[in-house]
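Colleague: Hi! Could you walk me through this one?
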Amino acid sequence: MQHHIFSPYRVCPLGAHVDHQHGLVTGFAINKGVDLWFDIREDGHVHLESKTFEGLVDFEINAPSQVRERHWGDYARGAKFALRKRFELKHGINGVIQGSLPVGGLSSSAAVLIAYVMAFAKANDITLQPFEVVKIASEAEREYIGLNNGLLDQACIALGKKDQLLFLDCDSNEYRLIPFGGQQQSTENSQLSIINSQLPFEIGIFFSGLTRSLVNSDYNLRVYECKTAAWNMLAYTEQPLKTFDKTFLRDIPKATFEKTRIAMPARFARRAEHFYSEYRRVRQGVTAWETGNLKLFGKLSFDSCESSIHNYECGSPELIAIYEIMRSLPGVYGGRFSGAGFKGACIALVDPAHKENIEKVLTERYLEQFPEYERTFQVFWVKPDDGARFLDN
């Protein structure tokens, strides 16, 4: 019997670059993502093919994971690595995987990891709750792939619900799924439904044409800079230092930052400023979403991107150009870099009535500045969707 998993990509309108410091984040799973079709094998062999990347992947699921090969198969080996720490794995799969959008800013790596975790669990009769999938996939990306991420990407992908905003506290791991504008849930005939759940926006994804790998970007460096800022604050206030892996900006009050910011090197102060201001923006944004104030929610997303550029210092010339163009266009409520903001894509919350004009004008203006991306620049329109799941073939 063949099985089919759909693992969506994700977008994060507010809560940029703070999950690894145990901050507050928001996000949607979207209706584009990764499809994995697979059959369960009687033996422990894993054989994978990709419709997106070249080459085949073969390994044994019951053998220790070898060193990373810097190849798309590393994500399957990473999923095996994290699962084998918890469970005995006996059965492999024959699988084919395919992504539906270009790589860059939509957490395709997390979507792929979650698909493999779910597939290997299914093959070995392992029952996982959605948040267990989140933690296993995140551990695979940190410990095997080598990206010092938080839980944002995996949580959006595994927990997302159609037309609802995920609000996650990356310190306590508590989360809520929030309907837009206080829409009420009602129970009728024992079935849960959302009243008037149609959202008044669509999500534009403006792909710069420039792909990237986070492991080879400044992503990990920014994580270390945030931790160094936290260490500075603890040291200046003569508090005990923790080991680097247990040091997070979330554990330090903003009042301590205000006292010490002038004493620390400016780059570390900027990283901390981004964290504390983003914490405030997420709080305000969740209230705006709950009350149906899309204008304020969008403005906060724009403000988040401004802080990403000036305080967190990410964003290639291409992404900054897209952001500045879309900010000037009628019908764009708000938006920011998608993902870490190193190459990749921008996202925007858009009034559907303005879609065609936004796509036309943004494409023209962007390619005037960067004609070299004429063949690779793309615009996609997506909507919030349910999280990773098995589909009927």
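Modeller: Happy to. Let me start with a term we'll need: a crossing is left-handed if the near helix is turned anticlockwise from the far one by less than a right angle, and right-handed if clockwise. Also keep in mind that this is a predicted model.

Colleague: Thanks. So which hand is the crossing of α8 and α9?
Modeller: Left-handed: that is how α8 passes α9. Helix α9 covers residues 317-327, and the two axes come within 12 Å and cross at roughly 150 degrees. Angles over 145 degrees count as roughly antiparallel, so α8 is roughly antiparallel to α9.

Colleague: Which residues make the contact?
Modeller: From α8 you have Phe 302, Asp 303, Cys 305, Glu 306 and Ile 309, and from α9 Ile 320, Tyr 323, Met 326 and Arg 327. By class, the residues of this α8 and α9 contact are six nonpolar, no polar and three charged.

Colleague: Is there another helix pair with a handed crossing? What hand does α2 show against α4?
Modeller: The crossing of α2 past α4 is right-handed. Helix α2 is residues 108-123 and helix α4 is residues 152-159; they pack at about 55 degrees, with axes 9 Å apart. That makes α2 oblique to α4. On the α2 side the contact uses Ala 110, Ala 111 and Ile 114, and on the α4 side Asp 153, Gln 154, Ile 157 and Ala 158. The classes there are five nonpolar, one polar and one charged.

Colleague: And how are α5 and α7 arranged?
Modeller: Helix α5 (residues 219-236) packs with helix α7 (residues 266-290) at an angle of about 95 degrees, and their axes are 8 Å apart. Angles of 65 to 115 degrees count as roughly perpendicular, so α5 is roughly perpendicular to α7. The α5 residues that meet α7 include Arg 222, Glu 225 and Met 233, and their partners in α7 include Arg 267, Phe 268 and Tyr 276. This contact of α5 with α7 has six nonpolar, two polar and four charged residues.

Colleague: Switching to strands: what is the order in the open sheet?
Modeller: Four strands form it, in the order β11-β12-β10-β13, with antiparallel pairing. The edge strands are β11 (332-337) and β13 (378-382), each pairing on one side only. On average, neighbouring strands of this sheet are turned by 20 degrees against each other, direction ignored. Helix α8 (residues 294-310) packs on the sheet, where it touches β11 and β12 (345-350).

Colleague: How many bridges join β10 and β13?
Modeller: Five, in the antiparallel sense, with β10 spanning residues 202-207. Gly 204 stands opposite Trp 381 in β13.

Colleague: What about β5, which strands pair with it?
Modeller: Strand β2 (residues 24-40) pairs with β5 (residues 93-99) in the antiparallel sense over seven bridges, and Leu 36 stands opposite Ile 97 in β5. Strand β3 (residues 45-50) pairs with β5 too, in the parallel sense over four bridges. There, His 47 has Asn 94 in β5 as its bridge partner.

Colleague: Last one: how many aromatic pairs are there?
Modeller: The count is 21 aromatic pairs, taking rings whose centres lie within 6.5 Å. Phe 59 and Phe 120 form an edge-to-face pair, 6.4 Å centre to centre with 85 degrees between the planes.

Colleague: Where do those two sit?
Modeller: Phe 59 is in strand β4 (residues 56-60) and Phe 120 in helix α2, 61 residues apart, so to speak a link between distant parts of the chain.

Key
Residues numbered from 1 in each chain as written. Predicted model: local features only at pLDDT ≥ 70, side-chain atom pairs only at ≥ 80, totals over all residues. Heavy atoms only, no water. Axes fitted to C-alpha atoms, helices over the stretch in contact; angles between N-to-C directions. Parallel < 35°, antiparallel > 145°, perpendicular 65-115°, else oblique. Contact = heavy atoms within 4.5 Å. Nonpolar A, V, L, I, M, F, W, Y, C, P; charged D, E, K, R; others polar. Pairing = 2+ DSSP bridges. Phe/Tyr/Trp six-rings, centres within 6.5 Å; stacked < 30°, edge-to-face > 60°.
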